[in-house]
Amino acid sequence: MMQLNLFGGGRQALIDERNRRVVLLPYWLDPTSAAQWFAELYTDISWRGGPRMMYARQLDVPRLRAHFARDDPALPPLLREAIDRVAQAAAAPFSSVGLNLYRDQHDSVAPHNDKLSELVRGQPIALLSLGATRRMTIRAKLLARRMLHTDLSAGSVLLMDWNSQLHYDHGIPKQRDAVGSRISIAFRVRTLR
């Protein structure tokens, strides 16, 4: 379970139901650091695109990606600092960091939940946002299909507990209006294979 008591004021419980929580920490990283981290990662990461199986066919992924294990010698120092700081704040032993670069309003990720078979049961998932603000949709999987919308601004962290993935999908939709680039950094505790 997420240890929400570790976080200071300003947190917003988006979902606070029995055995499932999603919490937004809108000002986790100060604006100056958020801008510096964005600029460094934007230029220093070897971003990759390419095809992926989606909707039973091969399509180009509508964003750029990168991934590192915590113990990867190629993990950039800034990401090492980020994973250590977020892991300490969330009281979680994050072992993986995945990055998504949304170049503009046309880049997106469809509603989905994280693959729980690849994650350690009970450990949270944390998403740090850098760059332009983008709206995330969080949608209940049940028939009621309750939907939340939250703007993820630079320096914000979204914490999702493991159980929330069983009951909710999350995604970043395309936008009609022009928007700048955004980097999302996902911290997870992956199972050993």
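# Exercises on a predicted model

Thr43 is exposed, with a relative accessible area of 59%. The exercises below all concern this predicted model.

## Exercise 1: Thr43 and its helix

Task: State in which helix Thr43 lies, and which side chain is joined to that of Thr43 by a polar contact.

Solution.
- Step 1. Thr43 belongs to helix H1, which covers residues 31–44.
- Step 2. Exposed means over 50% relative accessible area. Thr43 has 59%, so Thr43 counts as exposed.
- Step 3. The side chains of Thr43 and Asp44 are joined by a polar contact of 3.3 Å.

## Exercise 2: Two helices

Task: Decide how H1 is oriented relative to H2, and name the residues that make the contact.

Solution.
- Step 1. Helix H2 consists of residues 77–90. The axes of H1 and H2 come within 11 Å and cross at roughly 130 degrees.
- Step 2. Angles over 145 degrees count as roughly antiparallel and 65 to 115 as roughly perpendicular. The crossing angle of roughly 130 degrees fits neither class, so H1 is oblique to H2.
- Step 3. On the H1 side, the contact is made by Trp37, Glu40 and Leu41. On the H2 side, Leu78, Leu79, Glu81, Ala82 and Arg85 take part.
- Step 4. Sorted by type, the residues of the contact of H1 with H2 are 5 nonpolar, no polar and 3 charged.

## Exercise 3: The sheet of 7 strands

Task: Describe how S1 and S2 are joined, give the order of the strands in the open sheet of 7 strands, and explain what standing at the edge means for S1 and S5.

Solution.
- Step 1. Strand S1 (residues 12–17) and strand S2 (residues 20–25) run antiparallel and are joined by 5 bridges. Within this pair, Gln12 stands opposite Leu24, and Glu17 stands opposite Arg20.
- Step 2. S1 and S2 form a hairpin, with 2 residues between the strands. In the turn, Asn19 has a positive phi of about 65 degrees.
- Step 3. S2 also pairs with strand S11 (residues 157–160), in the antiparallel sense and over 4 bridges. Here Val23 of S2 stands opposite Leu159 of S11.
- Step 4. The open sheet has the order S1-S2-S11-S8-S13-S6-S5, with antiparallel pairing.
- Step 5. S1 and strand S5 (64–69) stand at the edges and have a single partner strand each, so one side of each is left without a neighbour in the sheet.
- Step 6. Neighbouring strands of this sheet are turned against each other by 15 degrees on average, direction ignored.
- Step 7. H1 packs on this sheet, where H1 touches strand S6 (96–102), strand S8 (125–131) and strand S13 (182–188). The direction of H1 makes about 90 degrees with that of S8.

## Exercise 4: The sheet of 4 strands

Task: Give the strand order of the open sheet of 4 strands and name its edge strands.

Solution.
- Step 1. The order is S7-S12-S9-S10, and the pairing is antiparallel.
- Step 2. Strand S7 (109–112) and strand S10 (147–152) are the edge strands, and each pairs on one side only.
- Step 3. From one strand to the next, the twist averages 15 degrees.
- Step 4. S7 pairs with strand S12 (residues 168–172) in the antiparallel sense over 2 bridges. In this pair, His112 has His170 of S12 as its bridge partner.

## Exercise 5: Two residues compared

Task: Is His170 buried or exposed? Is Leu192 buried or exposed?

Solution.
- Step 1. Buried means under 20% relative accessible area and exposed over 50%.
- Step 2. His170, in strand S12, has a relative accessible area of 6%, so His170 is buried.
- Step 3. Among the residues that His170 touches are Ala110, Pro111, Met136, Ile138 and Met160. The side chains of His170 and Asp114 also make a polar contact of 3.4 Å.
- Step 4. Leu192, in the segment after S13, has 86% relative accessibility, so Leu192 counts as exposed.
- Step 5. Leu192 and Met147 are 45 residues apart along the chain, and their C-alpha atoms are separated by 33 Å.

Methods. Residues numbered from 1 in each chain as written. Predicted model: local features only at pLDDT ≥ 70, side-chain atom pairs only at ≥ 80, totals over all residues. Heavy atoms only, no water. Buried < 20%, exposed > 50% of the residue type's maximum accessible area, 1.4 Å probe, protein only. Polar contact = N/O pair within 3.5 Å; in protein donor to acceptor, adjacent residues only side chain to side chain. Axes fitted to C-alpha atoms, helices over the stretch in contact; angles between N-to-C directions. Parallel < 35°, antiparallel > 145°, perpendicular 65-115°, else oblique. Contact = heavy atoms within 4.5 Å. Nonpolar A, V, L, I, M, F, W, Y, C, P; charged D, E, K, R; others polar. Pairing = 2+ DSSP bridges. Lists of a residue's contacts leave out its neighbours within four places in sequence.
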